[in-house]
Amino acid sequence: MMTVGEGIDWAMGEALAFGSLLCQGYDVRISGQDVSRGTFSNRHVTLYDQRTGAGFTPLNNLLPGQSNKVEAVDSLLSEEAVVGFEYGYSLEHPDSLVLWEAQFGDFFNPAQVMFDQFVVSGEAKWVLQSGLVVLLPHGYDGNGPDHTSARPERWLQLTDSKECGVDTDDVNIQVVNCTTPAQYFHVLRRQNVETVQKALIVMSPKALLRSPDAVSSINDFKEGTTFRRVIGDDLNDTKNIRRVLICSGKHYYTLRNKRDELNDSTTAIIRIEELCPFPAAELQTELNKYAGAGMFWAQEESRNG
């Protein structure tokens, strides 16, 4: 995929983020159950010799004499303890990219007290800024009541996003639901290259990890590109648009594929990639393109979730 510069998938987007940060002088640490391999066999940070059991981490061998390292820790099934440790680690190492990945999105439940008392409210109580990244695999992919939802509604309730006003960088946490590997790449890098330290909650994908739809071009990673909080439709003709669907995350591909199946030229789709801080100005800019069209919010989650 790198040779032709097309079809860059989620795992490669993450590896590019990790590798580029390492080359810029940042360390990377990721913990959680099965993070070395990835719950869905998507990461493979460390490769193991089947005969000797010796591990090899390619990202730690990018440059001669490389001093910055990626550390992948396959932790115990004790979310509260691990999240507490990683929160503290992120405070002590603000120049590192520190990530905790739940095996499935709802596995943050046992660590709820750590998120409530520390990650979400630590800055307001103790002026402690944490850049901890929380990866929560989310999506209604047929796994039943467990292993399905990362409960984005709970995270949005935990934010101090303004109900009457425009959000700025002073929100307590960031919540994103990216739709492309390039977006994921940029939002991870943003944690280190920007000066504001805020915890980042990522509704990470499951089905999209290997979806031929959810891929990026190398041009989406080049210098001058950045994270897009809202992604509008790339329609050449907007005058016939009668309906605008606003969505977030992988549901975009369901809507887009159905629109293509129906050969519908009257519907536009807008993706909100960052839910908090809410991108009101960027969304309004996209909506202004479709004066007179009806606007609808679409989601795969149940109405109260």
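Which residues are linked in a network of salt bridges? I began with this, keeping in mind that the model is predicted, and the members I found are Arg-190, Arg-229, Glu-274 and Glu-282.

**Entry 1: salt bridges**

I then looked up the total, and the count for the structure comes to 19 salt bridges. I went through three pairs one at a time, noting the distance, the place in the chain and the exposure where I had them.

For Arg-259 I found a salt bridge to Asp-233, with the closest N and O atoms 2.6 Å apart. This pair links distant parts of the chain, since Arg-259 sits in helix H7 while Asp-233 sits in the loop between strand S9 (230-231) and strand S10 (243-247), 26 residues apart. Are the partners buried or exposed? With the limit for buried set at under 20% relative accessible area, I entered Arg-259 as buried because its value is 11%, and I entered Asp-233 as buried too because its value is 10%.

The next pair is Asp-264 with Arg-243, where the closest N and O atoms are 3.4 Å apart. Asp-264 lies in the loop between H7 and S11, and Arg-243 belongs to strand S10, so this salt bridge ties together parts of the chain that are 21 residues apart in sequence. Arg-243 has a relative accessibility of 37%, and I therefore wrote it down as partly exposed.

I also noted the salt bridge between Arg-151 and Glu-153, whose closest N and O atoms are 3.5 Å apart. Arg-151 is partly exposed, at a relative accessible area of 29%.

**Entry 2: the largest pocket**

I turned next to open space on the protein, and recorded a volume of about 460 Å³ for the largest pocket. Its lining is made up of 23 residues, and those that lie nearest the centre are Thr-180, Asp-220, Arg-228, Ile-231 and Arg-271. The elements that give two or more residues to this lining are helix H6 (181-193), helix H7 (251-262) and strand S11 (267-272). Which of them gives the largest share? I found that H7 does, with four residues. Sorted by class, the lining of the largest pocket holds seven nonpolar, eight polar and eight charged residues.

**Entry 3: enclosed cavities**

Rolling a probe the size of a water molecule over the atoms shows where empty space is left. For this model I noted four cavities of 30 Å³ or more, and I followed up two of them.

The largest cavity holds about 120 Å³ of space. I counted 14 residues in its lining, with Asn-42, Arg-43, Glu-101, Ser-204 and Leu-209 lying nearest the centre. Helix H1 (residues 10-23) gives the most to this lining, namely three residues. By class, the lining of the largest cavity divides into eight nonpolar, three polar and three charged residues.

The second largest cavity holds about 90 Å³. Among the 14 residues that line it, His-138, Asn-177, Met-203, Gly-249 and Lys-250 are the closest to its centre. How do the residues of this lining divide by class? I noted four nonpolar, seven polar and three charged residues for the second largest cavity.

**Entry 4: backbone details**

I looked for unusual backbone values and entered a cis peptide bond between Cys-276 and Pro-277, with omega at about -5 degrees. Pro-277 is placed in the loop between strand S12 (274-276) and helix H8 (280-287).

Which value of phi does Asp-34 have? I read a positive phi of about 65 degrees, although Asp-34 is not a glycine. Asp-34 is found in the loop between strand S1 (28-32) and strand S2 (47-48), and its relative accessible area of 29% makes it partly exposed.

Asn-263 likewise has a positive phi, near 55 degrees, in a residue other than glycine. I placed Asn-263 in the loop between H7 and S11, and with a relative accessibility of 67% it counts as exposed.

**Entry 5: a nonpolar surface patch**

Last, I checked the surface for nonpolar side chains, and found that Phe-118, Trp-126 and Leu-128 form a nonpolar patch with about 260 Å² of accessible area together. Phe-118 belongs to helix H3 (residues 112-119), and I listed Phe-118 as partly exposed because its relative accessible area is 31%. That value also satisfies the requirement of over 30% for residues in a patch.

Notes:
Residues numbered from 1 in each chain as written. Predicted model: local features only at pLDDT ≥ 70, side-chain atom pairs only at ≥ 80, totals over all residues. Heavy atoms only, no water. Patch = residues over 30% accessible without salt bridge, like charges linked within 9 Å, V, L, I, M, F, W, Y side chains within 5 Å. Areas by Shrake-Rupley, 256 points an atom, 1.4 Å probe, with all protein chains shown as cover. Salt bridge = Lys/Arg side-chain N within 4 Å of Asp/Glu carboxyl O. Buried < 20%, exposed > 50% of the residue type's maximum accessible area, 1.4 Å probe, protein only. 1 Å grid on protein atoms, 1.4 Å probe; cavity = no way out; pocket = protein on both sides within 12 Å on 5 of 7 lines; lining within 4 Å. Points joined across faces, edges and corners; volume = space filled by probe spheres on them. Nonpolar A, V, L, I, M, F, W, Y, C, P; charged D, E, K, R; others polar.
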